[in-house]
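Biologist: Could we go through this structure together? I would like to begin with the aromatic rings and then turn to the pocket.
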Amino acid sequence: IEIVQANSLPLRPSSGLPPDTYIKTYILLEQHKSHKEKTTVVRGNTNPVFNERITYIVNPTNKILQVMVWDEVGTLRRNSFLGEVLIDLNFIAAQGPLQGGYKLYPSYSPRPP
């Protein structure tokens, strides 16, 4: 998986500053999360560029890739969820690599601790 960038992320509502963004990915099978990976944090940018590659060695059958975008708020408060996209790995395996971006959606699975 190649994580290139995010575009037009919202400013922090409390301060109006750009977010300190990172991305978490999980492989989902029947609503169970496994294989967590995380990018580095890109600080103070509403259009963060990551250019990071994450490698999973899994059978794609009936698995979903969950990509979650977060704002690292700080040590005293919880990080803020910015959005997610769910990608069916069966489709990727059948069609090959996809070019382009994905729209983030505000709904999400329960947050991991």
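Modeller: The following exchange covers ring contacts and the largest pocket of this predicted model.

Biologist: How many aromatic pairs are there?
Modeller: The count comes to 1 aromatic pair. Its members are Trp70 and Phe81.

Biologist: Why is that pair edge-to-face?
Modeller: A pair of aromatic rings is described by the distance of the centres and the angle of the planes. The centres of the Trp70 and Phe81 rings are 5.4 Å apart and their planes are at 75 degrees, so the pair is edge-to-face; the angle for that class is over 60 degrees.

Biologist: Where do the two residues lie in the chain?
Modeller: Trp70 belongs to strand 5 (residues 64–71) and Phe81 to strand 6 (residues 80–88), so the pair links parts of the chain 11 residues apart.

Biologist: Are Trp70 and Phe81 buried or exposed?
Modeller: Both Trp70 and Phe81 are buried.

Biologist: Which charged ends sit over a ring?
Modeller: Among them is Lys33, whose charged end sits over the ring of Tyr26, 4.4 Å from its centre. The charged end of Lys38 sits over the ring of Tyr22, also 4.4 Å from the ring centre.

Biologist: Now the largest pocket: what lines it?
Modeller: The lining has 30 residues, and Ile1, Glu2, Ile87, Gly100 and Tyr102 lie nearest the pocket centre. The space in this pocket is about 920 Å³.

Biologist: Which strand gives the most to the lining?
Modeller: Strand 1 does, with 4 residues. Helix 1 (89–95) is one of the elements that supply at least two.

Biologist: And how do the lining residues divide?
Modeller: They comprise 22 nonpolar, 6 polar and 2 charged residues.

How values were computed
Residues are numbered from 1 along each chain as its sequence is written. This is a predicted model: local features need pLDDT of at least 70, side-chain atom pairs count only at pLDDT 80 or more; totals for chains, interfaces and linings use all residues. Side-chain values use heavy atoms; hydrogens and water are left out. Rings of Phe, Tyr and Trp (its six-membered ring) pair if their centres lie within 6.5 Å; planes under 30 degrees apart count as stacked, over 60 as edge-to-face and the rest as tilted. Buried means under 20% relative accessible area, exposed over 50%, partly exposed in between (1.4 Å probe, protein chains only). A charge sits over a ring if NZ of Lys or CZ of Arg is within 6 Å of the ring centre and within 35 degrees of the ring normal. On a 1 Å grid over the protein atoms alone, a cavity is a set of points where a 1.4 Å probe fits but cannot get out, and a pocket is an open set with protein on both sides within 12 Å along at least five of seven lines; lining residues have an atom within 4 Å of a point. Grid points are joined across faces, edges and corners, and a volume is the space filled by probe spheres set on the points. Ala, Val, Leu, Ile, Met, Phe, Trp, Tyr, Cys and Pro count as nonpolar, Asp, Glu, Lys and Arg as charged, and the others, Gly among them, as polar.
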